[in-house]
Structure formats: structure tokens, C-alpha cells
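Got your viewer open? Load the model below and follow along, one selection at a time.

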Amino acid sequence: CVSQGGNIGVSILGFAERRGVGLSRYISCGETTDVQVEDYIEWFGHDPKTKVIIAYIEGVSDGRRFLEKVRRVAPHKPVIALKSGKSEKAAKAIGSHIGAVAGSHEIYRAAFRQAGIITVDDLPELFDVATAFLTQPLPRGNRVGIYTAGGSWGVVATDACVANGLNVVDLPREVIEEID
């Protein structure tokens, strides 16, 4: 875990303990000068004890450098990030907190996606996604079949899958009959 916020970092440690999720390493980098958040992500990428990289990110100083480093890591280890500063007020607060320019949340989200970073919206989701990567096998492709107890959840799941670039397939009639 790498965190640009000390208090958030401590919360991550507590949350991990309550959830029973072990952290092989934890770094709170705060207001960085020479070593940036992407340097820590790169280091975790080479660390054999680290299986999944989680990060709390407020801002980056060199977007191109950040993307280059993380792009080399993400194909080999999942990188999951909670990026703060979605609203204009929060972005201003980041500026006063660490002196960084938070930038447009939409631009960050698009850049993170290009780099292979999985973005989440809150701490529970950060741990849910990290736990899924730690405990479940990686899918071999982007095809998804949906099985639910009710039609509405199937519609919600379909929207979520399509929004995330997954191909929702129609299950063969024989499979549906067997499940029924």
C-alpha cells in the first residue's frame, strides 16, 4: 500500500486489520519531493511479497512519468487506486493540503484506465477489489455470463459490465435450462 495521506494511510491499516487483509508493505509518502508515488508503485511491482498494489492518490506532479512507470507494472500486478479530489472544493483542499494540483477527476480517471489502474470510489471498495484479486483467479478474457436470482439484478449487472468494457454473452438455452 502506498498513501499520499498519512491519516488515510492509518485508516487503511486499520481497515485492513478489521477486514483480515494482510499488507506486505505500507508506505505513507505524503508531500513528496524526490521520490514520487509512481516510484513506490514501481517498487511494489518488483517486490515478490506484493501481490496486489493499492494506492491512495491525491495528485501527481509529472503525469507522463507516472503513466510510463505504472503502465510497466499494471500488466503484471493489479494496481488499485482511490483517487480523491472529485469535486472542485476537494481539489482545492488538496492544493492547500499537499500543494499539488489535483486536476480534473475525469482526466485522472481516463489516464488511470489507460495505464491499467483500477479506480475505486471509497475505502470499502478498495479492499473489496483488492481481496477479489487476491482470492479469485483472473479471467481469461472479457466475456461474461450473468446469473442472478432476479431479472432486475441482471439488468444492473449488465450495465456495470458494459460500462467496464466486458462482453455480456447470451447463455445457450441448455445452460439456462440446467441452471433452472
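A residue counts as buried when its relative accessible area is under 20%. By that cut-off, 36% of the 180 residues in the protein chain are buried. Keep in mind that you're looking at a predicted model.

Start with the whole chain in cartoon view: you should find eight helices and seven strands. Switch on the surface next, and the accessible area comes to about 11,000 Å², with 54% of it belonging to carbon and sulfur atoms. As for how the chain folds back on itself, take the contacts between residues at least 6 apart in sequence: 70% of them join residues at least 24 apart.

Now select Thr50. It sits in the loop between helix H2 (37–46) and strand E3 (53–57). Buried or exposed, then, is Thr50? Its relative accessible area is 4%, which is under the 20% cut-off, so Thr50 is buried.

Show side chains around it. The side chain of Thr50 has a polar contact of 2.6 Å with that of Asp47, and another, at 3.2 Å, with the side chain of Ser24. Setting aside neighbours within four places in sequence, Thr50 touches Ser24, Arg25, Phe44 and Lys77.

Next stop: Val175, in helix H8 (residues 173–179). Its relative accessible area is 33%, between the 20% and 50% cut-offs, so Val175 counts as partly exposed. Add Tyr147, Leu171, Ile176 and Ile179 to the selection, and together with Val175 you have a nonpolar surface patch with about 420 Å² of accessible area.

Note on methods
Residues numbered from 1 in each chain as written. Predicted model: local features only at pLDDT ≥ 70, side-chain atom pairs only at ≥ 80, totals over all residues. Heavy atoms only, no water. Helix = DSSP H or I, 4+ residues; strand = E, 2+ residues; numbered from the N terminus. Buried < 20%, exposed > 50% of the residue type's maximum accessible area, 1.4 Å probe, protein only. Polar contact = N/O pair within 3.5 Å; in protein donor to acceptor, adjacent residues only side chain to side chain. Contact = heavy atoms within 4.5 Å. Patch = residues over 30% accessible without salt bridge, like charges linked within 9 Å, V, L, I, M, F, W, Y side chains within 5 Å. Areas by Shrake-Rupley, 256 points an atom, 1.4 Å probe, with all protein chains shown as cover. Salt bridge = Lys/Arg side-chain N within 4 Å of Asp/Glu carboxyl O.
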